[in-house]
Amino acid sequence: MGVGMPKKSSPRKANSKTKKARAKSLTLAKKAAAKKVAEAKKKALAAKKVAAKKAAAKKVAEAKKKALAAKKVAEAKKKALAAKKAAAAKKAAERKAEADRKAEIKRALFEEKERLRLEALAQAEEERRAKEEAAAALAALGTRCELSGFYVKPSPSELTSATVGQLREKLVKAKEELERKANEFLAEAEALAREREGGDTQFDEESGDGDTINTERERDLLLSASTQAVVEQIDQALERIKKGTYGACTPAGRAIPLERLEAIPWADVCVDCKSRADRRR
Ligand SMILES: [Zn+2]
């Protein structure tokens, strides 16, 4: 309202005013109602959205839960597998350690055996060398010939078994011959003895026949004895053939040359030793 007099409103105007007011109020109410509806819709929409969000969140949460559970199961499986693997590895390691231990024992045993074998071998070698050295020293020194007193170097006999066989035959033949001769000399000596005994009455002591017979008898006895001595030497030579020492000079082991054995198959000393022995006589 302005300055001046207040205008009085007409009833029509008032009526219309009321109608307008009413309409306005209605409109307002309608608007309010619409607003309410809109708000309600909005609220409902919001609520729906919230519910949808909640549901989605729930789903997500459930999915997460499921995923977590699955993860846990997978982890547990993984752990179990790892534990299984670890157990298997441990067993394998134990088996390997046992095998290694056994192998080590075996190796140690083998080494000990090998060590003993080598030790025995070394000892045998040392013994062999000592023997060889002693033999070499002895060979260098030679063998003392009891006939001459000198040291001589022993040498191996070079007679073949065939040669020894031939010499043996010679020895056997010579023995037969010499035994026969020795017996002949003996028989002759005995005959002379009988002759002398029987002739004591026939022959005169002065004629000297008794002495001659006696001398002859003694000569026969000597020849028989020396022949018998050779027979004994032949027996010894045959014995040496049996023993395998035939052909070596008895005092010092030097080989007797075949030429000498052919001449005297029963020789048991070489010419060298024999001449030394002869010189000493
Ligand atoms: Zn000799």
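How many helices and strands make up the secondary structure of the protein? In this model, which is predicted rather than determined by experiment, the secondary structure comes to five helices and two strands. If you follow the chain along its sequence, these elements come in the pattern α-β-β-α-α-α-α. The radius of gyration of the protein is 74 Å, well over the 19 Å that the globule rule gives for 281 residues, and the protein is therefore more spread out than a compact globule. The box that the C-alpha atoms fill, taken along the principal axes, tells you about the overall dimensions, which are roughly 245 × 40 × 25 Å. Of the 281 residues in the protein, buried residues make up 10%.

A good place to begin a walk through the model is helix α1, which covers residues 11–141. Leu28 has its place in this helix, and it counts as exposed because it has 12 C-beta neighbours inside 10 Å, where 12 or fewer is the cut-off for that class. Between the C-alpha atoms of Leu28 and Val230 there is a separation of 182 Å, and the two residues are 202 residues apart along the chain. Ala40 also lies in helix α1, and this residue is exposed as well, with 12 other C-beta atoms within 10 Å. From Ala40 to Leu171 you would count 131 residues in sequence, while in space the two are 160 Å apart, C-alpha to C-alpha. Lys90 is another residue placed in helix α1, and is Lys90 buried or exposed? Because Lys90 has 10 C-beta neighbours inside 10 Å, it counts as exposed. The C-alpha atoms of Lys90 and Cys273 are separated by 88 Å, with their positions 183 residues apart along the chain.

Cys273 leads us on to the interior of the model, since this residue and Cys249 are those with the most contacts inside the largest nonpolar core, a group of 17 residues. Which elements give two or more residues to this core? They are helix α2, which spans residues 161–199, and helix α3, which spans residues 209–243. The surroundings of Cys249 can be described in detail: once its neighbours within four places in sequence are left aside, Cys249 is in contact with Arg254, Ile256, Val269, Cys270 and Cys273.

Finally, one can ask about contacts across the protein as a whole. Among the contacts with a separation of 6 or more, residues 24 or more positions apart account for 65%.

Conventions:
Residues are numbered from 1 along each chain as its sequence is written. This is a predicted model: local features need pLDDT of at least 70, side-chain atom pairs count only at pLDDT 80 or more; totals for chains, interfaces and linings use all residues. A nonpolar core is a set of buried Ala, Val, Leu, Ile, Met, Phe, Trp, Tyr and Cys residues joined through C-beta atoms within 7 Å. A residue is buried if 20 or more other C-beta atoms lie within 10 Å of its own, exposed if 12 or fewer, and partly exposed in between; C-beta atoms are placed from the backbone. Helices (H or I, at least four residues) and strands (E, at least two) are DSSP runs, numbered from the N terminus. Two residues are in contact if their C-beta atoms, placed from the backbone, lie within 7 Å. The radius of gyration is taken over C-alpha atoms; the globule rule is 2.2 Å times the number of residues to the power 0.38.
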